[in-house]
Amino acid sequence: MSEIAHLLKSLNSPPLQSLKLLRGGEVLIQRDDLIDPLISGNKWRKIQGWLQAGSEKGVIKRIVTFGGAYSNHMLAVASIGKKLGIETYVVLRGDENLNNHYLEIVRSLGMVKLPVPRDQYRMKGVALKFVLENNPVANGLDWATSLKSHLIGAIKQERVLHFADGLGLIDGTLVVPEGGRGMDGTLGFQELRTLWLNNEKLGGFLGGDRGFNIVHASATATTAIGLAEAFPEAKIHAVMVLKNKQEQLEEISSFGRFSGAMDRIQLHEGFEWGGYAKYRPELKEFILEIQELNGSNFLLDPVYTGKAMWALQQMWDRGVVSKSLVPWVFLHTGGQLGGLS
C-alpha cells in the first residue's frame, strides 16, 4: 500500500450523528472535525482530492501551498507532509504576525515558510514566482528551477495567475491553491456518499427523487461544488462567511460539468457578521449554548462553523427545517484550533 493510500485509510470519517439545536431543533450532523486534530473538516477533503489527483500523475515529493498566518489549510498540509514524509512549503502572506501558535506548529512539523508582501500575495502566480526567484531557501533547488520555468509560460493565464485550479504535479512538486480550492479539491467529498448510504435516516434518500439538504460554511465554494457532485439529489446550502458572493458564483459557474449545480447550490447571505473573522458577542453566546446542548467534545468557531450553525438555527426558527419532510444534514467543516476563544 502506498503512503498516500495508507493515510487515506487511517483518517476515518465518523458516522452521521444527531445534532441538537435551540428550541427543540434536531437535525443530522457529519462530524468531520473529528477526523484528525489537524487534518480535518473540509480542509482534509480538499487536500484528499489533490493527493488523489496528483498521485495518479506520479510520485509526490513535496507540496507547495499558500496561506495566511492563521490558516487551517496550512496546518493540514504541514501535518500531511509530516505523516507522508514529504517536504511542505507555504507561500505566506508576510505582513502578518509571524510568531503565533499556528506557525509554531507548522514549523515543528517541518513546513518551510516563504513569506511575501501582501501586494505580491494577492495574485498567487506572481507570489509563487516571486519566492522562487528571491527567497534563499528556493535559490538553486532543482525543483524550484523547474517550477519557475513552468510558471513563466503559464502565468499569463488568469486562472493560473490567481491559482484557481492549481498546476498539477510538476517534477514531483504538487502545487495546491490556497484553502485547497479548485477542481481537484472537490474529489474528496465523494467518500461521504459511501458513508451516508449506510445511515438509516438518510440512506433511503440517496438515489431517490425526494432529495435532502446539506448546510455548511462556505468561503470559496469548493466544498459546495464537491457536495453538489457527490450528491446530485441534494440541495446545498452554502452559508457565506465573508462577503464574496460574486467570487463564489464565478467559481460555481466555472465548473460546467456539474449539470444543474447552479440550481442546487444556494448561497446564503447575511450571516457574515461584518466580514471574515468578524462577529458580535451574541454569536459567541449562541455558540456556547449549542456546545452545551451537544456535549463537551463539540466545538464551533465564530469564523466558520459558528456562522453556519447560526444560519441553520434561523432556518429552523422560520420553519424551513422544522416543517421539512426530508432530512437536513449539517456538515461540520472544522475550524479554528480550540473552537471558541
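So, H1 and H3 are oblique to each other. Helix H1, residues 3-10, packs on helix H3, residues 72-84, at an angle of about 120°, and the axes are 10 Å apart. That angle falls outside the 65 to 115 window for roughly perpendicular and isn't over 145 either, so it ends up as oblique. One thing to say right away: this is a predicted model, so please hear everything here as computed from it.

Staying with that pair, the crossing of H1 past H3 is right-handed. Who makes the contact? From H1 we have Glu 3, Ile 4 and Leu 7, and from H3 it's Ile 80, Lys 83 and Leu 84. If you sort those contact residues by type, you get four nonpolar, two charged and no polar.

Okay, on to the sheet. We've got an open sheet of six strands with mixed pairing, and the order goes E1-E2-E11-E8-E9-E10. The edges are strand E1, at 17-20, and strand E10, at 265-268; each has a single partner strand, so one side of each has no neighbour in the sheet. On average, neighbouring strands here are turned by 30° against each other, ignoring direction.

Let me zoom in on one pair in there. Strand E8, residues 212-218, and strand E9, residues 234-240, run in the parallel sense, with seven bridges between them. If you want a spot to click on, Asn 213 sits opposite Lys 235 in E9.

Now, which helix lies across these strands? That's H14: it lies across E1, E2 (26-31), E8, E9, E10 and E11 (328-332), and it runs at about 165° to E11. With the cut-off for roughly antiparallel being over 145 degrees, that 165° relative to E11 counts as roughly antiparallel.

Just before H14 there's a residue I'd like you to look at. Pro 302 is in the loop between helix H13 (281-294) and helix H14 (305-317). Buried or exposed, for this loop residue? Pro 302 has a relative accessible area of 1%, and the cut-off for buried is under 20%, so it's buried. Along the chain, Pro 302 and Lys 278 are 24 residues apart, yet their C-alpha atoms are separated by 7.9 Å.

Last stop is helix H10, residues 222-230. How many of its nine residues are buried? Eight of them, so H10 is largely enclosed by the rest of the structure. The buried ones are Thr 222, Thr 223, Ala 224, Ile 225, Gly 226, Leu 227, Ala 228 and Ala 230.

Conventions. Residues numbered from 1 in each chain as written. Predicted model: local features only at pLDDT ≥ 70, side-chain atom pairs only at ≥ 80, totals over all residues. Heavy atoms only, no water. Helix = DSSP H or I, 4+ residues; strand = E, 2+ residues; numbered from the N terminus. Buried < 20%, exposed > 50% of the residue type's maximum accessible area, 1.4 Å probe, protein only. Pairing = 2+ DSSP bridges. Axes fitted to C-alpha atoms, helices over the stretch in contact; angles between N-to-C directions. Contact = heavy atoms within 4.5 Å. Parallel < 35°, antiparallel > 145°, perpendicular 65-115°, else oblique. Left-handed = near helix turned anticlockwise from the far one by under 90°. Nonpolar A, V, L, I, M, F, W, Y, C, P; charged D, E, K, R; others polar.
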